[in-house]
Amino acid sequence: MAQEDYSPLGVTWQRLDDDELRRIVAGIAGLPIDALRADSLQAVTMERCELPFYQAHRLLRISRKEADGRRRESYFLEHAKGIEVLDGRSMPIYEANAREGREIAEPHRMAYLRLFFFFVRGEEGAFTLLESPSQVGEPTESDSTRAATWPAVRQRLMQSLRPLRALGEDGKGNSRFNVVVHYADSVFECDVLVMPTGMVEMVDDRAIEQSLPAGAIRRLPDLEWPNRLIGMIAQSDANAPVQSEGADPAAAIINDRELTRRFVAVLLQRAQQRPGDHVLLDHFNPSSDKRYPLKQLARLVISTWPVVVIESDIPFVEELIAELLMTESGILSSVPLIRATTEPEAQRLRFDRELRDHGIMLMPLLAYRTVADVERIAHEIAVREVAAMIGCRRLADVPEPLRRGTDLVLSLPEVDDDLFVELFGRIMDRALPADWQQGGTEWVRYVLPTDFHQAAKLKLDSGRALEYIRGRIRERLNQVDADSGPGLADLHGMIEARQMAEDLIADIHSARAGAIPWSEVDRGMLLAGPPGTGKTTLARAIAKDCGVRFVTASASAWQAAGHLDEHLRAIRASFAEARRYAPSILFIDEIDSIGNRGNFSGSNAQYGTAVVNGVLDEMQGLDEKAPVFVIAATNHADRVDPALKRSGRLDRVIEIPYPNVEGLVAIYEFHLRRYRVQSSLADDVDVPALAAMSFGLTGADVERIVRGGARRARKAERRLAQQDLIAEISGKPRVEGGAGRLTDHDMKVVAVHEAGHALARFLNDGDSARIAFVSIVPRADGSLGFVATLPADRQLMRRRDFLALMEVFLAGRAAEAIEFGPDEVSSGAGGFSQRSDLAAATQLATQFVCRQGMLGEDALAWSELPDEAQRREINRLLFEAYRSVMDKLTGKRGLLTLLANALVARQELTGKEVADVLRQPSRSPV
């Protein structure tokens, strides 16, 4: 089977015309289309095909005929925002799955698996699916020893080959397949899971043939070839050689990995040059030239096989450093790289097999991974001649058995001005502009290797490259900047929380000034309260007043990251980001979502425990070098694991209550401030009245009310007025009749009903009536009318207050009976739900009898539900309250009718307008 005819999907390729070929190649090369000479693409063809499991991605294939007659192929995934090269890593495919935003349908998973195997490479080459006898070749003559047994091996291989087989689902939505795979010099039969998200996991394997001779299986295309193609095109000469070392750097095409290696090389050299930090390096070969620290480190590694820990946030930094030691120094070019797997099931097998040969063992101890049988690994490293490169974010992340055997710790330094100058020159091959420090350089400490990638590939000059890099970093800093929100002085209604916050702010300022050590500053607090009470706003205000970065995270977002490994990785990433911007505040929303270990049970207990322990480990690891204060928020403090609330963690639990009226006044003033400044606020806006009507609402509700009121005013083309804000508080439909219309008779009934409530409230309270608003406009929640009252100044209810409130609840029914007769009382009065007036009166009477002990000293026992005797008392109280309010309203029937007529005429009345009606001279009953 010819290489150029191989397709993992059996799809139809469509050849692109020359114009589209030039456009795409120019985009890949980062060159203007006009810069491509026609002769540079004469031997190049490009084809495109659709993929059945993708909607937004297509597969591209570029082929070029070499001088020796062979065709070389490169593959790319094309999508709306660009083109991704398929370079042997799984990440481009997984990123495409994420961009698709949907699961891979089960019928397409076999085709997807073929694509995955075709384009993903391991450390020793391709994973080749063996499905056809034509894939079996002939051994090369140079491998005569193994070629002698080839006929028998070939026969066994032919018997083992078979097409990819689907084994059905595993009960969790994952599809299981059986495959025969060639990798390195061996053939395996494997079971593979394909998850709906596109993740591929090999769950079982069995060796069929090992130590195959070279050439026995036809190879897949070399996926690194795109760099060679781009290098040729960049020189506008299809026949020119690939850019060689020492040639004009401006003409070279450098891939992202090489740029990152350059970044790491500069940091590594600086880490080695710190005086007195590395006793082992100082004692080893003292005559070596320390001007070349990489060579010195390389000699140390090959001669003494040390265990080296590299502290850095750069992913897989140990792999990059190993490559630097092998390629740049030229000393270790013949030493194999091996990797200790971190999957518990496969770890022992692979570890033993790979350590048969000497090499550098790479151990990426990224925090989202765990290492099984760490004692065994530590022992094997100690007794074998193998150098271990352990990458981690902090030395504390390395398991203690490995930490005991560590010979050398290299901490890659934080970037400062001098180091940035060196990084820029090494990566960009040019010097920074002379005035690069103008405007401040505080941003350089946050530079990442990826900040240089596009600037280098686009060959920007020094000034434009600096502007691009600085812009990327400042954009990230803006995302963790708390300056945009209100400060602590602008928050109200949080008396205890504000005092705690003020103490914390003072401590952080003192620690930053060096007056106290960071160890004397609290590590965290837990904000507990109903939704919308301002927990996030308070945390951001603390960060703003402290002048520190504000990093946000969410326990539910952590969980959405994926399986346990991804879940833990998301947790570690949030804490790592907070440490990167330290001193900082890490705000964790919905902390109760991670659960309480005391409540875990069943199959999810192990998973949940691992997550809680992951958060505990990160909080335990906060240190003075990277001070991070953790503020977590929850609506349910009782659901948070007790270990998270113990001393040294979230040890300050602060309840955030609903704001009182005074607090609501301040919150309204804050949100109305800009309308006053813009002169777009009407003179009739009464903030204290609005706050009183909003009692029981949150700061978030106030923000919504002001925003909605402003929208009503804009539509009416006038300034924001009291009526707009009241309409938002009361939920008045924005369109007349939007929640339904009442007939004239029904409107009269509702008006009498609500007038009864209002008059009863007025008669009980007198001139100090707490009526805020009365409406008979139907609302979207199904209510046809309501009376809004202001909160009482006192907090305690007396016996007479209970009885008076029962009368108010029953006054609507009584008013209807007075006005229309007992047989005409409407369903709106009694209602059919637990929100009705009759339900409210019954619940109040039940509380009066069963839980408040208001009947007398012979009825003090508390009970949840009333017994038969108590039910009789409840009925008696309701009857007496109904008879009492009926007598009161009958004596004021004239006022009742007057108020009902006013409601019919105007639909809605403010508390002042109600009082004006009811304070008129007493009228005789009609």
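Let me start with helix α25, residues 722-730, in this predicted model, where the buried residues are Q722, D724, L725, I726, A727, E728, I729 and S730. That makes eight of the nine residues of the helix, and so α25 is largely enclosed by the rest of the structure. What do these buried residues pack against? They pack against three helices and two strands, namely α22, α23 (687-693) and α24, together with β23 (771-775) and β24 (786-789). Just after α25 comes G731, and the phi of this glycine is positive, near 75 degrees.

Two of those packing partners, α22 and α24, also meet one another, so let me turn to that pair. As a general point, two packed helices are described by the angle between their axes and the distance between the axes. Here the axes of α22 (residues 661-677) and α24 (residues 699-716) come within 10 Å and cross at roughly 35 degrees, and the crossing is right-handed. On the α22 side the contact is made by L664, I667, Y668, H671, L672 and Y675, and on the α24 side by G699, V702, E703, I705, V706 and A710. Sorted by class, these residues divide into nine nonpolar, two polar and one charged.

You may like to set beside this another helix pair, α2 (residues 91-100) and α3 (residues 109-119), whose axes also come within 10 Å but cross at roughly 145 degrees. I93, Y94 and N97 of α2 meet Y112, L115, F116 and F119 of α3, and this contact has six nonpolar residues, one polar residue and no charged residues.

Now back to the strands that α25 packs against, β23 and β24. They belong to an open sheet of three strands, in the order β24-β23-β25, with antiparallel pairing. Which strands stand at the edges of this sheet? They are β24 and β25 (908-910), and because each has a single partner strand, one side of each is left without a neighbour in the sheet. Direction ignored, neighbouring strands are turned by 10 degrees against each other on average. Between β23 and β25 there are three bridges, and F773 stands opposite T910 in β25. Two helices lie across β23 and β25: α31 (residues 893-906), running at about 115 degrees to β25, and α32 (residues 911-918), running at about 90 degrees to β25.

Let me also show you two single residues. R476, in helix α16 (residues 462-479), has a relative accessible area of 18%, and because the cut-off for buried is under 20%, R476 counts as buried. Leaving aside residues up to four places away in sequence, R476 touches Y446, V447, L448, D451 and Y581. S593, by contrast, lies in the loop between β20 and α21 (605-620), and at 35% relative accessibility S593 counts as partly exposed. With the same four-place exclusion applied, S593 touches A555 and S556, while its C-alpha atom is separated by 8.7 Å from that of T634, 41 residues apart along the chain.

Finally, a word on confidence. The mean pLDDT of the chain is 78, and 81% of its residues reach 70 or more. Confidence is highest in strand β20 (residues 584-589), at 92, and lowest in helix α11 (residues 344-354), at a mean of 39. Over residues 331-360 pLDDT stays under 50, although the model has 73 contacts there beyond four places in sequence. Where pLDDT is low, the predicted coordinates should not be read in detail.

Notes
Residues numbered from 1 in each chain as written. Predicted model: local features only at pLDDT ≥ 70, side-chain atom pairs only at ≥ 80, totals over all residues. Heavy atoms only, no water. Helix = DSSP H or I, 4+ residues; strand = E, 2+ residues; numbered from the N terminus. Buried < 20%, exposed > 50% of the residue type's maximum accessible area, 1.4 Å probe, protein only. Contact = heavy atoms within 4.5 Å. Axes fitted to C-alpha atoms, helices over the stretch in contact; angles between N-to-C directions. Nonpolar A, V, L, I, M, F, W, Y, C, P; charged D, E, K, R; others polar. pLDDT = per-residue confidence, 0-100. Left-handed = near helix turned anticlockwise from the far one by under 90°. Pairing = 2+ DSSP bridges.
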